[in-house]
Amino acid sequence: MPLKTPEQYVESLRDGRVTYWDGERIDDITTHPRFRMPIDSVKADYRYDDPKYGALRQYQTEDGAVAHRIFQIPRDEADLNTRVEMMNHTSIGTLVTGVYMALMSVKDAVEKVNPMYGANIERMYRYCRDNDLRAAEVITDPKGDRKRSAAQQDDPDLYLRIVERRKDGIVVRGAKLHITAASLVHELVVMPTKGMKAEETDYAVSFSIPVNAPGVKIINRSVAGPDLNPFDYPASSHHGMPEGFVVFDDVFVPWDRVFLAGEVELAGKLAQSLGLWERTGGMVEAVRLSELFVGLAQLVNEMQGKDSDPVTQNSVAELIAYAEMLRMSLDFACRHYEKTPSGMVFPNTLAINAAKYYYAANYHQTVRYLHDLGGGLVLTLPLEADLRNEESGKYIRKYLYTKAGVNVETRMRVYNLIRDLTADAYGGWQFVVALQAGGGLPAQRVMMRRSYNMDQAKKRALSAAGADVPE
């Protein structure tokens with residue numbers, strides 16, 4: 001099938017999906033003001049005729065068809081680099097479709113346990129690719145009492161589970177939290193939140209289901225309200241993607257859409273595969289954001305006449321070091337890629353986890369440098385409406401003046417971006433996302449320990465100590 005147009009994407013959302021926001025059931029999200037900005041954001045990714053990014057958004061499949069590049073399976077370093085470049089110019093509402101990269105990366109392992117699951121992964125990947133659909137990564141369970149496993153909870157539904165097995169499929173019940181863009185995609189790709197024990201076969205489940213499937217309900221929340229002024233909210237007005245609290249109220253899943261149904265040995269592998277690609281996406285955003293921090297810091301210094309001040313120069317240097325560590329880490333992970341048995345290339349697991357850990361562990365301290373340079377004006381700057389008002393505007397232009405060559409309106413835009421990125425709607429979201437997206441710091445610690453060549457490190461340590469080194 002041909003690629004969708006932006007208008008066809010919008011029309012595809014009128015499918016009876018059940019969504020709620022602020023206590024209201026919304027029957028048609030395409031006409032509701034709360035969804036206007038996020039829909040426009042995803043809609044832009046369907047502009048394949050865009051002279052700037054249209055070519056970057058598409059690639060030719062092995063069948064000779066054209067598909068969105070989010071579905072391109074990397075086969076070499078060049079493919080990985082092109083994917084990273086595409087991710088820099090793509091909304092998060094499309095980037096979540098990268099969940100299929102996670103599935104395809106574990107397809108070989110899944111096939112060995114159950115060939116039907118491997119075939120289902122391939123079929124669903126091609127179905128979404130060939131129909132230009134978007135899919136959300138649906139992984140985090142409510143978890144209830146964290147001291148107890150899934151099977152030990154007071155309410156067995158606190159982890160999504162199979163409640164019935166039929167000849168034609170399974171029935172599932174539960175909820176998944178923090179699902180970015182859930183209401184704006186076509187498919188919900190569900191994975192286990194973690195590894196499961198032998199007695200938790202009902203919780204080792206993975207599948208893909210349409211958003212409008214009977215029993216699926218999505219409760220939305222966003223950091224940004226509708227119709228924010230882009231001058232005052234330069235980030236939030238473009239990036240307020242709703243987060244979904246997704247309920248599966250006895251949802252039927254046909255067998256040809258099931259990727260896992262009880263094979264506990266695969267649960268952890270599926271969960272980890274998503275973590276790698278989620279963290280890769282996080283690193284792409286981290287590199288972009290950290291460069292913005294450097295540029296904003298330098299602009300503030302120059303606008304205030306402090307560009308040669310040694311204290312402010314030190315702060316900018318700290319921001320540069322952070323930005324470069326992230327950029328080099330992402331570059332290293334792509335250059336030292338790994339490969340599945342079937343030839344799919346993916347970023348270096350250890351490098352991505354180490355990079356994501358460094359990014360998250362140092363993010364809040366790094367923002368401190370930007371706040372220190374910006375000062376209180378980051379929070380107290382008047383709004384655009386006051387600038388445009390003839391009476392109040394003259395005072396703003398008079399007292400926000402710093403020196404010749406510095407435009408007051410430009411200065412206000414710089415400060416607004418600092419506030420919105422780090423201390424307001426989008427900024428609050430980013431403070432949490434930097435830590436939690438792709439799993440919190442403990443998840444990266446676990447993966448670093450698993451993927452680090454500890455035997456080699458121990459042997460070198462023994463050799464340096466003059467001790468016997470085991471063969």
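Helices (H or I, at least four residues) and strands (E, at least two) are DSSP runs, numbered from the N terminus. This is a predicted model, where local features need pLDDT of at least 70, side-chain atom pairs count only at pLDDT 80 or more, and totals for chains, interfaces and linings use all residues. Residues are numbered from 1 along each chain as its sequence is written, and side-chain values use heavy atoms, with hydrogens and water left out.

**Exercise 1. Place His 68 and describe its surroundings.**

Step 1: find the element. His 68 sits in strand β4, residues 66-68.

Step 2: check accessibility. His 68 is buried because its relative accessibility is 0% (buried means under 20% relative accessible area, exposed over 50%, partly exposed in between, with a 1.4 Å probe and protein chains only).

Step 3: look at the side chain. One of its polar atoms lies 3.0 Å from the backbone nitrogen of Ile 70.

Step 4: list the partners. Leaving out residues up to four places away in sequence, His 68 touches Leu 3, Asp 45, Tyr 48, Arg 57, Gln 58, Tyr 59, Met 86, Thr 94, Asp 132 and Arg 134 (contact means heavy atoms within 4.5 Å).

**Exercise 2. Asp 132 and His 178 have a positive phi; work out whether each is buried or exposed.**

Step 1: recall the background. Most residues other than glycine have a negative phi.

Step 2: take Asp 132. Its phi is near 55°, and Asp 132 belongs to the loop between α6 (115-130) and β5 (135-138). With 0% relative accessibility, Asp 132 counts as buried.

Step 3: take His 178. Here phi is near 65°, and the residue is part of strand β7, residues 169-180. His 178 counts as exposed because its relative accessibility is 56%.

**Exercise 3. Explore the largest nonpolar core.**

Step 1: get the definition straight. A nonpolar core is a set of buried Ala, Val, Leu, Ile, Met, Phe, Trp, Tyr and Cys residues joined through side-chain atoms within 4.5 Å.

Step 2: count and rank. The largest core has 131 residues, and those with the most contacts inside it are Tyr 100, Val 172, Leu 188 and Phe 248. Helix α8 (residues 264-303) supplies the largest share of this core, 19 residues.

Step 3: zoom in on Tyr 100. Beyond its neighbours within four places in sequence, Tyr 100 is in contact with Phe 71, Met 124, Tyr 125, Cys 128, Ala 135, Val 189 and Ser 208.

**Exercise 4. Find what lines the second largest pocket.**

Step 1: define the space. On a 1 Å grid over the protein atoms alone, a pocket is an open set of points where a 1.4 Å probe fits, with protein on both sides within 12 Å along at least five of seven lines; lining residues have an atom within 4 Å of a point.

Step 2: read off the volume. The second largest pocket has about 420 Å³ (grid points are joined across faces, edges and corners, and a volume is the space filled by probe spheres set on the points).

Step 3: go to the centre. Of the 20 lining residues, Ser 105, Val 106, Lys 269, Ser 273 and Phe 346 are the closest to it.

Step 4: sort by element. Two or more lining residues come from each of α5 (99-113), α8, α10 (349-374) and α16 (441-451). The largest share, 7 residues, belongs to α8.

Technical notes: A polar contact is a pair of N or O atoms within 3.5 Å; within protein, one must be able to donate a hydrogen and the other to accept it, and residues adjacent in sequence count only if both atoms are side-chain atoms.
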